[in-house]
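Here's a quick briefing on the empty spaces, charged pairs and backbone oddities of one protein model. Have the structure open and follow along.

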Amino acid sequence: MALLAIDKGELYYEVSGRQDGYPVLLFAPGFLSSRIERWRSNPAKPGTPQAWRDPIPVFEPHFRVVACDVRNAGQSWAEIGPDYDWASYTADHLKLLAHLGISRCHVMGGCIGVSFALALEEAAPGTVTSQVLQNPIGLSDSNRAAVDEEVEQWMEKVGQRPEVDHDLLRAAGHRMFATDFIFSVTREYAGRCNVPSLLMPGDDTMHPVSVSADLERLTKAEVIAPWKGPEHRDMAIERTRDFLLAHTPAEARS
């Protein structure tokens, strides 16, 4: 458990598992409140198990596991400036990897974590060895109001900090979600991204079927479906572990 200085802020992160293992970087669910605990539980539904298995204890015997609270979520914070955007998050994540001496890694993202994962490889080609895309968020023909509501809730929470400029905060929220698809990258990029991919498709308002179908087609991803709920989550995380092991470079395997 540690804090890393980022641009006008701090990033909370945890490293566990095999210190000599190939690294896996995790981006948790939770929209812009993405933080480590969301792999395990949903604060809005205390005591209710998540529909998926927490990947951290499953990966720890095999990998060096790196997880973080993204900026302005959990124990991380950063100033809301005029250029606050997806690139701000990606810069944090690349700085974390550099700080840990990691040049290449697997990546797994849940929900908005898919957006963070794809943005990482676009910004620094060759960084991501393989990627697991679980329950991707995105814009469909019918969910703009729901997306905007999530943005408003994030702005309301972050805006409680006395130092936050509310005009800059509102501009940042609107700017980040003014596009379509998964917001952080375009379909064109997804189509030329050649990172081996494993997809667990979404099937609800914030995780539209159409967005997952586009990701499957564009990235030529392997697909696990169904994958949620008590009947499927053990199988899904075991297949995920095996996918990452299969794509670990031979020289890094023990």
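Helix α8 (residues 233-246) supplies three residues to the lining of the largest cavity, the largest share of any contributor. Bear in mind that this is a predicted model. The notes below start with that cavity, move out to the pockets, and then turn to charges and the backbone.

**The cavity**

- A search of the whole structure turns up one cavity of 30 Å³ or more, and its volume is about 40 Å³.
- Its lining is made up of Trp52, Arg53, Met108, Gln134, Met200, Trp227, Arg233, Ala236 and Ile237.
- Sorted by class, that lining comes to six nonpolar residues, one polar and two charged.
- One of the lining residues, Arg53, also turns up below, in a salt bridge with Asp234.

**The pockets**

- The largest pocket holds about 710 Å³ of space. It is lined by 29 residues, and those closest to its centre are Gly30, Arg38, Asn42, Glu150 and His207.
- Which helix gives the most to the lining of the largest pocket? That's helix α4 (residues 144-158), with four residues.
- The class split for the largest pocket is twelve nonpolar, ten polar and seven charged.
- The second largest pocket has about 220 Å³ of space. Of its 14 lining residues, Asp7, Lys8, Arg71, Glu79 and Ser88 sit closest to the centre.
- Helix α2 (residues 86-99) brings four residues to the second largest pocket, the largest share of its lining.
- By class, the second largest pocket is lined by five nonpolar, two polar and seven charged residues.

**Salt bridges**

- Side chains of opposite charge can pair when their charged atoms come close. In this model, the whole-structure search gives 15 salt bridges.
- Arg53 and Asp234 pair up through their side chains, at 2.7 Å from N to O. Arg53 is in the loop between β3 (22-27) and α1 (55-59) while Asp234 is in helix α8, so this pair ties together parts that lie 181 residues apart in sequence.
- Are the two partners alike in exposure, or do they differ? Arg53 counts as partly exposed at 32% relative accessibility, and Asp234 counts as partly exposed at 37%.
- Arg35 makes a salt bridge with Glu37, with 2.9 Å between the closest N and O atoms. Arg35 is buried, at a relative accessible area of 10%, whereas Glu37 is partly exposed at 32%.
- Arg217 bridges to Asp214, and their closest N and O atoms are 3.2 Å apart. Both residues belong to helix α7 (residues 209-219), three residues apart, or about one turn of the helix.
- Arg217 is exposed, with a relative accessible area of 52%, but Asp214 is buried at 16% relative accessibility.
- That pair is part of a salt-bridge network linking Asp180, Arg187, Asp214 and Arg217.

**A buried acid without a salt bridge**

- Asp69 is found in strand β4 (residues 63-69).
- How far away is the nearest side chain of opposite charge to Asp69? That side chain is Arg35, at 6.4 Å, and Asp69 is buried with no salt bridge. The cut-off for a salt bridge is 4 Å from nitrogen to carboxyl oxygen, so a separation of 6.4 Å doesn't qualify.
- Asp69 does have a polar neighbour: a polar atom of its side chain lies 2.9 Å from the backbone nitrogen of Gln75.

**Backbone oddities**

- Ala225 and Pro226 are joined by a cis peptide bond, with omega at about -5°. Pro226 is in the loop between β9 (222-223) and α8.
- Lys8, which is not a glycine, has a positive phi near 55°. You'll find Lys8 in the loop between β1 (2-6) and β2 (9-17).
- Cys111 is another non-glycine residue with a positive phi, about 60°. Cys111 lies in the loop between β6 (105-110) and α3 (113-123).
- Is each of these two buried or exposed? Lys8 counts as exposed at 52% relative accessibility, while Cys111 counts as buried at 11%.

Terms used. Residues are numbered from 1 along each chain as its sequence is written. This is a predicted model: local features need pLDDT of at least 70, side-chain atom pairs count only at pLDDT 80 or more; totals for chains, interfaces and linings use all residues. Side-chain values use heavy atoms; hydrogens and water are left out. On a 1 Å grid over the protein atoms alone, a cavity is a set of points where a 1.4 Å probe fits but cannot get out, and a pocket is an open set with protein on both sides within 12 Å along at least five of seven lines; lining residues have an atom within 4 Å of a point. Grid points are joined across faces, edges and corners, and a volume is the space filled by probe spheres set on the points. Helices (H or I, at least four residues) and strands (E, at least two) are DSSP runs, numbered from the N terminus. Ala, Val, Leu, Ile, Met, Phe, Trp, Tyr, Cys and Pro count as nonpolar, Asp, Glu, Lys and Arg as charged, and the others, Gly among them, as polar. Buried means under 20% relative accessible area, exposed over 50%, partly exposed in between (1.4 Å probe, protein chains only). Lys and Arg count as positive and Asp and Glu as negative; His and the chain ends are not counted. A polar contact is a pair of N or O atoms within 3.5 Å; within protein, one must be able to donate a hydrogen and the other to accept it, and residues adjacent in sequence count only if both atoms are side-chain atoms.
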